[in-house]
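Trainee: Please take me through one part of this model in close-up. I want the residues, the distances and the cut-offs behind each term.

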Amino acid sequence: MSDHATQHINRNPDIVEANLEQENSPEQTNSALFAPGFGATGDNPRQRVTTSNILSLQKTIGNRAVTRLLEKNQSSYLRPQLSHTVPLISRAFASGPDLFFKRGEAGFNFDTKPQTRTEGDEDEAAATEGEGDWNAPIEDEADTRAELKAGQRAEGDEDEAAATEGEGDWNAPIEDEADTRAEGTLENSGRKSEIRRVSATGTIQRVTFPRYAAIVAAMRSDFDADWQATLAATTKTSRREQGFWVQWDSSSKAYSVTGRAIAPTVDNATGATINLPNKPADAGNVYTIASFHTHTPTANRAVGRPVGPSGADISADATDNVAGVVYDYVEAKGGNIPAGHPLNSRAQLYSSRDQRT
Amino acid sequence: MISEEVAVQIAKEAIVGKLTPQKDAPIETALIDDQYIVTFVMVLPPGTRGPDFSAQVTIDADSGDVLDILAGAD
């Protein structure tokens, strides 16, 4: 049969050229030559074997017949001469968390330690067609750990959180989210392959932030100090608010004050406002969980006012996603305190928002 | 019964020297139980904590008498 090849090549350099092109043209890897008589007609005893005429043969003489022909004629002349020495045939594929291997495939060692793989490795992998890149690292998804903020809590947590009102749910369960890691063994005999999916444990740590009551219990002295400072700063003609952010360490459960702010001093006819500095970003286990600010006395004002958080206070805390604590007087009547309300009248803490979510 | 416009004018006069409304801020009126409630809204930048209004004046809708003046919660 090799003579046929030689003859053919010598007689028909165009075809040789075409074949050479095939060598460099992966798109044409399904093109080859047929030996004489193999489905050939007319003057040209050989004709290019393509997928289409194989299909045609299959239609006319049947699949089995074509298969038998190809099996009986192992010469490359009778078989499609593929430009690639090894066809791109999948030896394994993945579906979801599972890996499937072609029966008889061997050589994959799941115990292989992951190696660092860079982008450039893709080309390298392509260059080793037919040689599965069995040493490619398995993404270690099982080690992924997500720390969910309270806002990402699963439904149903509300009840649990409600049951611990005033107390941060420090002992919130750590949920196992079964990340899966494919593990298994393959025998090198080429006769058996086995895939086992073994569940590895990943964890999602859920953080539940302290509620208003817990924050007040922990920070009362700081709040009182600021209220007293607010009273002390009040003059016959002016007053001002002050406040800060409350942070909380989910690991140590410790509270701290940050971002202290003294609002601009205003006269008694002007509404007092406060802009806390930008809410500090969470850092590690430390979260900014609450805002705090004081309201101002009416001792020297000509009019009274409502007590407790304003709509703007509530809105700001919602926007900042923090609990809100406001220090103000206890109401005198109808939710208000009158003009000239004594400076040292009873005061209390109000919640403008219960909890960071 | 006084008109809404008259009620607003009465409210403006009532707060002079007591409260300073925010410049160009809207003024809202409501008539509830024969009383006008005129609110001088306070517009705050996002994130600012402060009162919702500079002044809120309650006026008898029949007589035009000023019944109450409140500052916002601050």
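Mentor: Buried means under 20% relative accessible area, exposed over 50%, and partly exposed in between (1.4 Å probe, protein chains only). This is a predicted model, in which local features need pLDDT of at least 70 and side-chain atom pairs pLDDT 80 or more, while totals for chains, interfaces and linings use all residues. Residues are numbered from 1 along each chain as written, chains are lettered from A and ligands numbered from 1 in written order, and side-chain values use heavy atoms without hydrogens or water.

Take strand 12 of chain A as the part. The strand spans residues 286–294 and includes Ala290(A); helices (H or I, at least four residues) and strands (E, at least two) are DSSP runs, numbered from the N terminus. Ala290(A) has a relative accessible area of 0%, so the residue is buried. Its contacts (heavy atoms within 4.5 Å) reach well beyond the strand. Leaving aside neighbours within four places in sequence, Ala290(A) touches Ile215(A), Phe244(A), Trp245(A), Val246(A), Val322(A) and Ala323(A). Arg356(A) lies 66 residues from Ala290(A) along the chain, yet their C-alpha atoms are 7.1 Å apart.

Now the core. A nonpolar core is a set of buried Ala, Val, Leu, Ile, Met, Phe, Trp, Tyr and Cys residues joined through side-chain atoms within 4.5 Å. The largest one has 25 residues. Those with the most contacts inside it include Ile289(A) and Phe292(A), along with Ile215(A), Phe223(A), Val246(A), Val325(A) and Leu349(A). Strand 12 supplies at least two residues, and so does each of helix 7, strand 9 (242–249), strand 14 (323–329) and strand 16 (347–353) of chain A. Helix 7 of chain A gives the largest share, seven residues. Phe223(A) shows how the parts meet. Leaving aside neighbours within four places in sequence, Phe223(A) contacts Phe292(A), Ile215(A), Val216(A), Phe244(A), Val246(A), Val325(A), Tyr327(A) and Leu349(A). A second, separate core has 18 residues, among them Ala11(B), Leu19(B), Ala61(B) and Ala71(B). As background, nonpolar side chains in soluble globular proteins tend to be buried together.

Next, the rings. Rings of Phe, Tyr and Trp (its six-membered ring) pair if their centres lie within 6.5 Å; planes under 30 degrees apart count as stacked, over 60 as edge-to-face, the rest as tilted. The structure holds nine such aromatic pairs over all chains. In one, the centres of Phe209(A) and Tyr287(A) are 5.0 Å apart and the planes sit at 70°, so the pair is edge-to-face. Phe209(A) is in the loop between strand 7 (196–206) and helix 7 of chain A, while Tyr287(A) is in strand 12, 78 residues away in sequence. Phe209(A) counts as buried because its relative accessibility is 1%. Tyr287(A) is buried too, with a relative accessible area of 1%.

Then take Phe292(A) with Tyr327(A). Their ring centres are 6.4 Å apart and their planes at 80°, so this pair is edge-to-face. Phe292(A) belongs to strand 12 and Tyr327(A) to strand 14 of chain A, so the pair ties together parts 35 residues apart in sequence. Phe292(A) counts as buried at 0% relative accessibility. Tyr327(A) counts as buried at 5%. Both rings also belong to one aromatic cluster with Phe223(A), Trp227(A), Phe244(A) and Tyr329(A).

Charged pairs come last. A salt bridge puts a side-chain nitrogen of Lys or Arg within 4 Å of a carboxyl oxygen of Asp or Glu. There are 11 over all chains. One of them involves helix 7. Asp222(A) bridges to Arg260(A), with the closest N and O atoms 3.9 Å apart. Asp222(A) is in helix 7 (residues 212–232) and Arg260(A) in strand 10 (residues 255–262) of chain A, 38 residues apart. Asp222(A) counts as partly exposed at 22% relative accessibility.

Other salt bridges reach chain B. Arg49(B) pairs with Asp320(A), the closest N and O atoms being 2.9 Å apart. Arg49(B) sits in the loop between strand 2 (35–41) and strand 3 (53–60) of chain B, and Asp320(A) in helix 8 (residues 311–320) of chain A. Both residues, Arg49(B) and Asp320(A), are buried. Asp74(B) bridges to Arg305(A) at 3.7 Å between the closest N and O atoms. Asp74(B) lies in the segment after strand 4 (66–70) of chain B and Arg305(A) in strand 13 (residues 305–306) of chain A, so the pair joins two chains. Asp74(B) and Arg305(A) are both buried. They share a salt-bridge network with Arg239(A), Arg301(A) and Asp328(A).
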